[in-house]
Amino acid sequence: ILNGGDILIDKSRDMGVSWCSLIPFTWCWLFKGEGMDFLCGSRKEQYVDKIGDMATLLQKIRFILENLPAWMRPKGFSIKDNATYMKIINPVTKSVITGEATNNNFSRGGRQRAILLDEFAFWDVDAPAWRSSADTTECRIAVSTPEGFNNHFAKLRHSGSIEVVSLHW
């Protein structure tokens, strides 16, 4: 994340990889200072954020932050004020973790330290989203369970052009 570089994580279900990807985002957001902006994406908005739904990416981050000792949270941080729908703001550094559902122009218009593309094999517009995100960050983390060979995740997985981590039972 700090040095750049894309990575693909090929996993089986229930491995906790989404959690393992969000924890470093949260750690950097908490402790690395300004410019620690992250984007979390998934194939549908309902998987990116729904306040109170632990199946969503941003609610997992809220859970992490809510369960930290108060002294580890940024001064003045409040879940109500700083962890709103699709956006979690560090009031001290102004770093932000945002969410976005898949679309042809995924991540355009900003700069991010890293982007998580969760369940990427199932995105309807996977190739356009991958291309558009290249201009936004130097670190893309594509995570998914496999879904055959007719998707951009599979093409990346077998291309030899990206670092691959395989986590299977």
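The largest pocket has a volume of about 380 Å³. The model is predicted: local features need pLDDT of at least 70, side-chain atom pairs count only at pLDDT 80 or more, and totals for chains, interfaces and linings use all residues. Residues are numbered from 1 along each chain as its sequence is written, and side-chain values use heavy atoms, with hydrogens and water left out.

**Pockets**

A pocket here is an open set of points on a 1 Å grid over the protein atoms alone, where a 1.4 Å probe fits, with protein on both sides within 12 Å along at least five of seven lines; lining residues have an atom within 4 Å of a point. Its volume is the space filled by probe spheres set on the points, which are joined across faces, edges and corners.

Sixteen residues line the largest pocket. K11, R13, S18, D118 and E119 lie nearest its centre. Helices α1 (17-31) and α3 (57-66) each supply at least two lining residues. Helix α1 gives the most, with three. Helices (H or I, at least four residues) and strands (E, at least two) are DSSP runs, numbered from the N terminus.

The second largest pocket holds about 150 Å³ of space. Its lining is I1, G5, I7, I9, C20, S21, P24, C139 and I141. Strand β1 and helix α1 each supply at least two of these residues. Again α1 gives the most, with three.

The table sets out the linings by class. Ala, Val, Leu, Ile, Met, Phe, Trp, Tyr, Cys and Pro count as nonpolar, Asp, Glu, Lys and Arg as charged, and the others, Gly among them, as polar.

| Pocket | Nonpolar | Polar | Charged |
|---|---|---|---|
| Largest pocket | six residues | three residues | seven residues |
| Second largest pocket | seven residues | two residues | no residues |

**Strand β1**

Five of the five residues of β1 (residues 7-11) are buried, so the strand is largely enclosed by the rest of the structure. Buried means under 20% relative accessible area, with a 1.4 Å probe and protein chains only. Both faces are covered: I7, I9 and K11 are buried on one side, L8 and D10 on the other.

Two strands pair if DSSP finds at least two bridges between them. β1 pairs in the parallel sense with β7 (residues 140-144) over four bridges. There, D10 has S144 as its bridge partner. β1 also pairs in the parallel sense with β8 (residues 163-167), over five bridges. In β8, E163 is the bridge partner of I7.

**Aromatic contacts**

Rings of Phe, Tyr and Trp (its six-membered ring) pair if their centres lie within 6.5 Å; planes over 60 degrees apart count as edge-to-face. The whole structure contains seven aromatic pairs. W29 and F77 form one that is edge-to-face, at 5.7 Å centre to centre and 80° between the planes. This pair links distant parts of the chain: W29 is in helix α1, F77 in the loop between α3 and α4 (79-82), 48 residues apart. W29 is buried at 0% relative accessible area. F77 is buried too, at 12%.

F120 and W123 form another edge-to-face pair, with 5.2 Å between centres and 70° between the planes. F120 is buried at 0% relative accessibility, and W123 at 4%. Ring pairs link F106, F120, W123 and W130 into a cluster.

W130 also meets a charge. The charged end of R140 sits over the W130 ring, 3.7 Å from its centre. That description requires NZ of Lys or CZ of Arg within 6 Å of the ring centre and within 35 degrees of the ring normal.

Conventions. Buried means under 20% relative accessible area, exposed over 50%, partly exposed in between (1.4 Å probe, protein chains only). Rings of Phe, Tyr and Trp (its six-membered ring) pair if their centres lie within 6.5 Å; planes under 30 degrees apart count as stacked, over 60 as edge-to-face and the rest as tilted.
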